[in-house]
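Reader: Before I rely on any label attached to this structure, I would like each one set against its definition. Please show me the model and then take me through the terms.

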Amino acid sequence: MADTKRTAKLTIDGNDYELPIFSPTAGPDVLDIRKLYAQAGVFTYDPGFTSTASCDSTITYIDGGKGELWHRGYPIDQLAGKSHYLEVCFLLLYGYLPTADELEDFESLVTRHTMVHEQMINFFRGFRRDAHPMAIMVGVIGAMSAFYHDSTDISDPWQREVASIRLIAKLPTIAAMAYKYTIGQPFVYPRNDLDYASNFLRMCFAVPCEDYEVNPILARAMDRIFTLHADHEQNASTSTVRLASSSGANPFACIAAGVACLWGPAHGGANQACLEMLKEIGTVDRIPEYIARAKDKDDPFRLMGFGHRVYKNTDPRATVLKQSADEVLELLGVENNPLLQVAKELEKVALSDPYFVEKKLFPNVDFYSGIILEAMGFPTSMFTPIFALSRTVGWISQWKEMISDPQMKIGRPRQLYQGSTLRDYMDIEDR
Ligand code: CMC
């Protein structure tokens with residue numbers, strides 16, 4: 001952490017307290033309040049962590065005002081344009097771009113860990129066929145700690161490394177199995193001659209009775225979706241993973257916690273919610289009705305896939321995916337699909353409507369990823385599992401960074417208590 005001699009002065013009831021100021025390598029200065037309670041006997045109040053840095057990190061940086069996202073200093077548009085998902089995984093995990101040999105070794109390592117323990121198939125069978133794939137993911141990923149005992153000791157760096165590779169390698173297999181299970185088709189085993197994205201497409205869409213050839217344009221679009229979702233600094237699910245692991249829980253349990261958090265419609269569940277909203281709107285002529293609802297203070301309806309907590313200018317991931325969406329729709333010849341017509345028109349209207357412009361509510365990454373995944377043939381219920389498998393590397397990188405930090409402490413926020421003051425228990429006959 002960059003230490004400076006600068007301090008901020010806080011005055012409470014005439015008493016002054018000096019708060020050290022840290023200067024990050026990029027982004028706003030940070031006030032160090034760690035000793036505030038001990039010195040002044042007060043807590044700070046920040047529900048939603050809108051002004052609170054929960055950790056120091058060297059992995060990902062976001063400038064919400066400028067619409068920038070960097071991984072280890074590299075801007076996301078360069079990574080999405082010139083790199084690919086597994087190289088970005090290496091970068092996130094180890095902090096630098098690999099040499100050709102290092103990349104080959106890493107890809108081979110991940111590829112050779114993609115199969116899951118055969119007994120896990122029985123575990124899948126315990127779920128109802130109509131279970132949401134995210135429900136299956138939360139359960140099966142949590143259950144990995146019961147299958148891979150040799151990589152749950154977080155104090156052993158080697159076991160941490162093995163758990164990391166297992167999670168990155170097996171999440172696509174588990175997500176594809178969750179999908180196959182819910183549609184009643186046999187599981188498709190991974191193949192070591194395919195790259196990460198092609199393997200995932202094949203495990204989702206191949207059937208044993210015919211050959212499946214992966215379209216390279218779709219594989220590239222899939223890889224881009226993975227790359228663009230790989231990490232996003234201290235978002236809700238990443239913070240959940242950090243908080244869960246701060247207690248010393250095993251990595252599989254922590255990643256299951258992250259998946260559970262990601263499921264919510266304000267986070268990773270937004271891509272599913274967005275497509276469901278487009279289906280509900282149905283036709284272009286109904287868009288004004290939904291725009292009016294989104295603006296109505298008394299209506300809880302929000303345009304899903306629009307707005308972001310951090311980006312207040314543009315979502316750089318959405319800029320890249322918009323281009324991918326155009327390519328995929330053209331390739332598949334589905335530009336005239338009514339759902340996609342609604343999406344394009346909604347985008348146009350929202351981008352020009354003063355309410356959305358003034359509040360800086362532009363389409364986010366989930367808006368375009370939903371459109372691409374729908375065009376590729378994924379059901380909406382698979383959108384969030386795809387986000388989850390992409391984000392696994394980010395969760396793991398942040399988890400590894402946290403575990404190896406000597407300052408790591410159990411996460412334990414304080415509260416502003418607003419409940420009853422102390423009172424005596426009343427016997428039931430007196431109430
Ligand atoms: N539609 C209509 N109005 C909106 C929307 C929306 N999608 N998003 C925010 N607003 C309004 C909101 O009503 C509020 O208005 P006012 O100031 O008059 O009260 C103002 O904009 C600020 O909203 P907020 O809820 O205070 O903003 P936030 O930073 O807490 O929320 C958000 C960010 C992403 C949760 C929110 O924009 C939202 O619910 N969007 C839809 C869900 C979505 O697409 N989520 C995916 C985010 S990207 C993927 C990820 O990183 O997980």
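Author: A polar contact is a pair of N or O atoms within 3.5 Å; within protein, one must be able to donate a hydrogen and the other to accept it, and residues adjacent in sequence count only if both atoms are side-chain atoms. This is a predicted model, in which local features need pLDDT of at least 70 and side-chain atom pairs count only at pLDDT 80 or more, while totals for chains, interfaces and linings use all residues. Residues are numbered from 1 along each chain as its sequence is written, and side-chain values use heavy atoms, with hydrogens and water left out.

Reader: What makes the pair between the ligand and Lys297 a polar contact?

Author: An oxygen atom of the ligand is 2.6 Å from an N or O atom in the side chain of Lys297, and the limit is 3.5 Å, so the pair qualifies. A nitrogen atom of the ligand also lies 2.7 Å from a polar backbone atom of Leu303, and a ligand nitrogen is 3.4 Å from a polar backbone atom of Ala266.

Reader: Which residues of the largest nonpolar core touch the most other members?

Author: They are Ile141, Phe200, Met222, Leu303, Leu346 and Phe378, out of 117 residues; such a core is a set of buried (under 20% relative accessible area, 1.4 Å probe, protein chains only) Ala, Val, Leu, Ile, Met, Phe, Trp, Tyr and Cys residues joined through side-chain atoms within 4.5 Å.

Reader: With which residues is Ile141 in contact, leaving aside its neighbours within four places in sequence?

Author: Ile141 is in contact (heavy atoms within 4.5 Å) with Leu167, Leu171, Ile174, Phe252, Ile255, Ala256 and Val259. Apart from the largest core lies another, of 6 residues, among them Leu19 and Ile21.

Conventions: Buried means under 20% relative accessible area, exposed over 50%, partly exposed in between (1.4 Å probe, protein chains only).
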